[in-house]
Amino acid sequence: MCAFCQFLVPEKDSLRNSFKAWIGSGTFFDGIIDLDAMMRDPQNYASFMPGLDTDKKFGPYAAGEQMIAEAINIELLR
């Protein structure tokens, strides 16, 4: 079983979605970077897009890290 799979249960997914909604509400942060939305495979909710994940299925590989770096608006960090 992949390391991430233990988190793919309805209760935890509901909590994750609620937390993401709170973060994205725009009232607490100057900006957000939604890595989940950026890297998730639209055909398979439980996976990264092909070529972006590591063999352990828990974090991005070099291509995923590059995608993150290119997506970050550096002005959010100033």
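**View A. D36, with a relative accessible area of 25%, is partly exposed.** The model shown here is predicted. D36 forms a salt bridge with R16, and 2.8 Å separates the closest N and O atoms of the pair. The contact links distant parts of the chain, since R16 belongs to helix α1 and D36 to helix α2, 20 residues apart. R16 has a relative accessible area of 23%, so R16, too, falls between the limits of 20% for buried and 50% for exposed.

**View B. K20 forms a salt bridge with D36.** The closest N and O atoms of this pair lie 2.7 Å apart. Here again distant parts of the chain are linked: K20 sits in helix α1 and D36 in helix α2, with a separation of 16 residues. K20 counts as partly exposed because its relative accessibility is 27%, which lies between 20% and 50%.

**View C. The side chains of R40 and D36 meet in a salt bridge.** The N to O distance is 2.3 Å. Is R40 buried or exposed? R40 has a relative accessible area of 17%, and because this is under 20%, R40 is classed as buried. Salt bridges with shared partners join D13, R16, K20, D34, D36 and R40 into one network. The count of salt bridges comes to 5.

**View D. The second largest pocket holds about 190 Å³ of space.** Which residues line the second largest pocket? The lining consists of R16, F19, K20, I23, I32, I33, D34, L35 and D36. Helices α1 and α2 each supply at least two residues of this lining. The greatest contribution comes from α1, with 4 residues. R16, K20 and D36, which are among the lining residues, also belong to the salt-bridge network. The pair R16 and D36 is joined by a salt bridge, as is the pair K20 and D36.

**View E. F19, W22, F28, F29 and I32 form a nonpolar patch on the surface.** Together the residues of the patch have about 530 Å² of accessible area. I32 lies in the loop between α1 (10-23) and α2 (35-39). Why can I32 be part of a patch? I32 has a relative accessible area of 44%, so it passes the patch cut-off of over 30%. With that value I32 is partly exposed. F19 and I32, both members of the patch, are also among the residues that line the second largest pocket.

**View F. Strands β1 and β2 form a hairpin.** Strand β1 covers residues 40-41 and strand β2 covers residues 44-48. The two strands pair in the antiparallel sense over 2 bridges. Between β1 and β2 there are 2 residues. D41 stands opposite N44 in β2. R40, at the start of the residue range of β1, is the buried partner of D36.

**View G. The protein chain has 3 helices and 2 strands.** In what order do the elements run from the N terminus on? The order is α-α-β-β-α. Of the 78 residues of the protein chain, 13% count as buried.

Note on methods. Residues are numbered from 1 along each chain as its sequence is written. This is a predicted model: local features need pLDDT of at least 70, side-chain atom pairs count only at pLDDT 80 or more; totals for chains, interfaces and linings use all residues. Side-chain values use heavy atoms; hydrogens and water are left out. Two strands pair if DSSP finds at least two bridges between them. Patches are made of residues with over 30% relative accessible area and no salt bridge: like charges are joined within 9 Å, nonpolar side chains (Val, Leu, Ile, Met, Phe, Trp, Tyr) within 5 Å. Accessible areas come from the Shrake-Rupley method with a 1.4 Å probe; for residues, only the protein chains shown count as cover. A salt bridge is a side-chain nitrogen of Lys or Arg within 4 Å of a carboxyl oxygen of Asp or Glu. Buried means under 20% relative accessible area, exposed over 50%, partly exposed in between (1.4 Å probe, protein chains only). On a 1 Å grid over the protein atoms alone, a cavity is a set of points where a 1.4 Å probe fits but cannot get out, and a pocket is an open set with protein on both sides within 12 Å along at least five of seven lines; lining residues have an atom within 4 Å of a point. Grid points are joined across faces, edges and corners, and a volume is the space filled by probe spheres set on the points.
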